[in-house]
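Hi there,

Here is the structure I promised to pass on to you. Have a look at it first, and then read my notes below.

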Amino acid sequence: MFGIHDLPLFIVSGLLLNIMPGPDSLLIMTRSATQGWRAGVAATLGIGAGTMIHVLAAALGLSAILSTSATAFMVVKYVGAAYIIYMAIGLLRSKRTDPAAVVTVPPLPYAKIFAQGFLTNVLNPKVAVFFLAFVPQFIAHDAPSKALAFVILGCIFNLNGMLWCTSLALFTAQASARIKVSPGVSLWLNRVTGGLFIWLGVKLALSKPN
């Protein structure tokens, strides 16, 4: 239907790819652990919105620009890497001011968390290139409308991803509520997470179109 083939394989492969850790997962876990599951879901919705931008852009052929134009790829890549590192700095600057207090990432309005998730995803050109490379593998060469098939597969992939991210947000929030972490450990967890964001940002900045 719609020129799509091997749909079960696409769903399973997409789910496995969504489970792989990355900046999206780290953002969701950080916000869920510090502000509860609603904050994690807010980040998830932002990530889902960013993914849809990539899906629609790829369907319209815009992602092809990122895979063929070194300049376009580098511009988006560096902006995305800078934003991830910016969030990392916020985590690394966490301080313990009260020995009896639990160190957390400063709380943010849900709208701002949504924006964080959106920008973290939409400013990552690797996501655009991924869609351009992965999704067409499941579209027949004689599909009546390749763009429509692309959008359908992209929506399925995004739905899988949001279901996984929502589960991750709920699990992280429940785990953090049941497991009481000492202020010192919480501080170092923030720093480790910030360090991972730094690593991901640098990795993205050094990545190549192919």
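**Where two helices meet**

Thr-51, His-54, Val-55 and Ala-58 of helix 3 are in contact with Val-127, Ala-128 and Phe-131 of helix 7; contact means heavy atoms within 4.5 Å. Helices here are DSSP runs (H or I) of at least four residues, strands are E runs of at least two, and both are numbered from the N terminus. Helix 3 covers residues 37-59, and its axis lies 9 Å from that of helix 7, at a packing angle of about 50°. That makes helix 3 oblique to helix 7. Angles under 35 degrees count as roughly parallel, over 145 as roughly antiparallel, 65 to 115 as roughly perpendicular and the rest as oblique. The axes are lines fitted to C-alpha atoms, for helices over the stretch in contact, and angles run from 0 to 180 degrees between N-to-C directions. The crossing of helix 3 and helix 7 is right-handed (the near helix is turned clockwise from the far one by less than a right angle; anticlockwise would be left-handed).

Before you go on, please note that this is a predicted model, in which local features need pLDDT of at least 70 and side-chain atom pairs count only at pLDDT 80 or more, while totals for chains, interfaces and linings use all residues. Residues are numbered from 1 along each chain as its sequence is written, and side-chain values use heavy atoms, with hydrogens and water left out.

**The overall picture**

The protein has nine helices and zero strands. Of its 210 residues, 44% are buried, where buried means under 20% relative accessible area, exposed over 50% and partly exposed in between (1.4 Å probe, protein chains only). Among contacts with a separation of 6 or more, 86% join residues 24 or more positions apart.

**A glycine in helix 3**

Gly-48 also belongs to helix 3. With a relative accessibility of 4%, Gly-48 counts as buried. Leaving aside residues up to four places away in sequence, Gly-48 touches Asn-158 and Met-162. Its C-alpha atom is 9.3 Å from that of Cys-165, although the two residues are 117 residues apart along the chain.

**Helix 2 and helix 6**

Helix 2 (residues 23-35) has 13 residues, and its end C-alpha atoms are 18 Å apart, which agrees with the 18 Å expected at 1.5 Å a residue (the expected span is 1.5 Å times one less than the number of residues). Helix 6 (residues 110-122) also has 13 residues and reaches 18 Å, close to the expected 18 Å.

How do these two helices pack? Helix 2 and helix 6 lie with their axes 9 Å apart, at an angle of about 165°, and are therefore roughly antiparallel to each other. Pro-23, Asp-24, Leu-27, Arg-31 and Gln-35 of helix 2 make the contact with Tyr-110, Ile-113, Gln-116, Gly-117, Thr-120 and Asn-121 of helix 6. Just after helix 2, Gly-36 has a positive phi of about 100°.

**One aromatic pair**

A search of the whole structure turns up one aromatic pair. Phe-10 and Phe-138 form it, edge-to-face, at 5.1 Å centre to centre and 75° between the planes. Phe-10 lies in helix 1 and Phe-138 in the loop between helix 7 and helix 8, so the pair ties together parts that are 128 residues apart in sequence. For such pairs, ring centres of Phe, Tyr and Trp (its six-membered ring) lie within 6.5 Å; planes under 30 degrees apart count as stacked, over 60 as edge-to-face and the rest as tilted. Phe-10 is buried at 0% relative accessible area, and Phe-138 counts as buried at 7%.

Best wishes
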